Amino acid sequence: MKEVLKVEGMSCNHCVNTIETNVGGIMGVSAVKVDLNNDEVSVEYNNEETLAKVKETIEDKGFDLA
């Protein structure tokens, strides 16, 4: 499955690395790509439980889901 999440608060490459590293490390995530220009995070995952973990991880790192 694939989802594009709108994420607020990303402003630099450090933000990109934080999200890609932490979300990419979640079991069940097969791909993650941050698009700073559009405030989006594209994620490929295996089930809804994994998507919930992705959202939780993004928020735990200090970013807001729009």
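The following exchange concerns the sheet, helices and core of a predicted model.

Biologist: On what basis are the values stated?

Modeller: In this predicted model, local features need pLDDT of at least 70 and side-chain atom pairs count only at pLDDT 80 or more, while totals for chains, interfaces and linings use all residues. Side-chain values use heavy atoms, with hydrogens and water left out, and residues are numbered from 1 along each chain as its sequence is written.

Biologist: In what order do the four strands form the open sheet?

Modeller: Strands (E, at least two residues) and helices (H or I, at least four) are DSSP runs numbered from the N terminus, and two strands pair if DSSP finds at least two bridges between them. β2 (29-35) and β4 (64-65) each have a single partner strand, so they stand at the edges. The pairing is antiparallel, and the order is β2-β3-β1-β4.

Biologist: Which residue in β3 stands opposite Lys6?

Modeller: Strands β1 (residues 2-8) and β3 (residues 40-45) run antiparallel and are joined by five bridges. Opposite Lys6 in β3 stands Glu40.

Biologist: Which element gives the most to the largest nonpolar core?

Modeller: A nonpolar core is a set of buried (under 20% relative accessible area, 1.4 Å probe, protein chains only) Ala, Val, Leu, Ile, Met, Phe, Trp, Tyr and Cys residues joined through side-chain atoms within 4.5 Å. The largest has 18 residues, and Val41 and Ile58 are among those with the most contacts inside it. β1, α1, β2, β3 and α2 each supply at least two residues of this core. With four residues, the element giving the most is α1.

Key: Buried < 20%, exposed > 50% of the residue type's maximum accessible area, 1.4 Å probe, protein only.
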